[in-house]
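Subject: Structure for you to look at

Hello,

Here is the structure I said I would pass on. Please open it alongside this message, and my notes follow below.

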Amino acid sequence: MEVSHLSVIYRGPLSSCNYACPYCPFAKHTETAAEHAADAAALERFISWAEAQPFDLSILFTPWGEALVRPRYQAALTRLSHAPHIRQLAIQTNLSGSLAWLGHAERSKIGLWATYHPNEVKRERFLAKCAELDTLGVRYSVGVVGKKSHFGEIEALRAALPPEIYLWVNAFKVGESYYSPPDLARLSAADPLFEVNTRRYRTRGHACGAGESVISVDGDGTARRCHFIERPLGNIYAQDVRELLRPRLCSRSSCECHIGYVHLPELGAADIYGEGLLARIPDSGGWAESGGLEAYLTRAQQLHASTAHASTAGR
């Protein structure tokens, strides 16, 4: 397949975090020196592969833990940011690590997907990190898990952040009855896109960019359509990645994760996020445009409703 640009979601073997949030699915253990060495070797191999590709790349790092407290990941993003064919770099982070490395990076290419965990860090300290990013001119979004115990912190964070910084709320998916209508209205006031994340979209048989314009890659080079489909497409170190890419319909019954459903053409998330799609940073012009937000929410409602109906009708 001819390729001019590919998005890659990379997750190496790193599985340690300096936080211990009870709602987080990421592994929480202290890695051995051998485990750190294995992750460093996998990361170096991936960086070398990315630098060698003859087409443009955008990369999102989604570690099973906190990577940016590790100098190797700071160095990796810095190095990749200076490669001419790397368009965008993004990484999920709790912002607890040093940000000094950004002074050596091509900051225009970097977007941080930052999460605030109220039980792990004081709001003032987190906001100080955000202020550092503002000073450095680094694009970022900020998010919080939408537990009811976090509602006050979500609103306080929204009030404290610059208005142009997008605050997203990840729905706490423990059952459809968790949020009351007033809860939904309250969180939507902080995050106008919150409604989209509250749904599970039935996706089987629907077109998706996963496996065509975006793939996920493990530390050993195994490529999959996305993190949520186990069947491998192949291995980026054993074959030309372009041989793995083609249009595909989703094989999963449903999708509820932002990094999955935003690649559904029917949803049209690119109209909202633009080049900030991987870092969860909406395009300032796209969603502020008159009717843009309403159109996006309507598409999400229709996709949820129409696919739910089609699934029932097909049983």
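What follows is a short account of some helix contacts and a few single residues. Please keep in mind that this is a predicted model.

Helix 4 and its surroundings

I began with helix 4, which covers residues 151–160. Its buried residues are Phe-151, Ile-154 and Leu-157. Viewed down the axis of helix 4, the buried residues fall within an arc of 130°, so they line one face of the helix. As background, an α-helix has 3.6 residues a turn, so residues three or four places apart point the same way. The cover over the buried residues of helix 4 includes two helices, helix 3 (123–136) and helix 5 (181–190). It also includes strand 5 (139–145) and strand 6 (167–170).

Helix 4 against helix 5

The axes of helix 4 and helix 5 come within 9 Å and cross at roughly 25°. Angles under 35 degrees count as roughly parallel, and that makes helix 4 roughly parallel to helix 5. The crossing is left-handed. On the helix 4 side the contact involves Phe-151, Gly-152, Ile-154, Glu-155 and Arg-158. Their partners in helix 5 are Asp-183, Arg-186, Leu-187 and Ala-190. By class, the residues of this contact are four nonpolar, one polar and four charged. Phe-151 and Ile-154 thus appear twice in these notes, as buried residues of helix 4 and as part of the contact with helix 5.

Helix 4 against helix 3

Helix 3 and helix 4 pack at an angle of about 35°, and their axes are 11 Å apart. This crossing is right-handed. Helix 3 brings Arg-123, Phe-126 and Leu-127 to the contact, while helix 4 brings Glu-153, Ala-156, Leu-157 and Ala-160. The contact of helix 3 with helix 4 has five nonpolar and two charged residues, and no polar ones. Leu-157, listed here in the contact with helix 3, is one of the buried residues of helix 4.

Helix 1 against helix 2

Another helix pair is made by helix 1 (residues 33–52) and helix 2 (residues 71–81), with axes 11 Å apart and an angle of about 5°. That angle makes helix 1 roughly parallel to helix 2. From helix 1 the contact takes in His-36, Asp-39, Ala-40, Leu-43, Glu-44, Ile-47, Ser-48, Ala-50 and Glu-51. From helix 2 it takes in Arg-72, Tyr-73, Ala-76, Arg-79 and Leu-80. These residues divide into seven nonpolar, two polar and five charged.

Single residues

Ser-7 lies in strand 1 (residues 5–11). Is Ser-7 buried or exposed? Its relative accessibility is 11%, and buried means under 20%, so Ser-7 counts as buried. Leaving aside residues up to four places away in sequence, Ser-7 touches Ser-58, Ser-213, Val-214, Ile-215 and Leu-278.

His-117 sits in the loop between strand 4 (110–115) and helix 3. His-117 is buried, with a relative accessible area of 11%. Its C-alpha atom is 7.6 Å from that of Asn-94, and the two residues are 23 apart in sequence.

Thr-298 belongs to helix 9 (residues 292–313). With 33% relative accessibility, Thr-298 counts as partly exposed. The C-alpha atoms of Thr-298 and Arg-79 are separated by 41 Å, and the two residues are 219 apart along the chain. Arg-79 is one of the helix 2 residues that meet helix 1.

Regards

How values were computed: Residues are numbered from 1 along each chain as its sequence is written. This is a predicted model: local features need pLDDT of at least 70, side-chain atom pairs count only at pLDDT 80 or more; totals for chains, interfaces and linings use all residues. Side-chain values use heavy atoms; hydrogens and water are left out. Buried means under 20% relative accessible area, exposed over 50%, partly exposed in between (1.4 Å probe, protein chains only). Helices (H or I, at least four residues) and strands (E, at least two) are DSSP runs, numbered from the N terminus. The arc is that of the directions from the helix axis to the C-beta atoms. Contact means heavy atoms within 4.5 Å. Axes are lines fitted to C-alpha atoms, for helices over the stretch in contact, and angles run from 0 to 180 degrees between N-to-C directions. Angles under 35 degrees count as roughly parallel, over 145 as roughly antiparallel, 65 to 115 as roughly perpendicular and the rest as oblique. A crossing is left-handed if the near helix is turned anticlockwise from the far one by less than a right angle, and right-handed if clockwise. Ala, Val, Leu, Ile, Met, Phe, Trp, Tyr, Cys and Pro count as nonpolar, Asp, Glu, Lys and Arg as charged, and the others, Gly among them, as polar.
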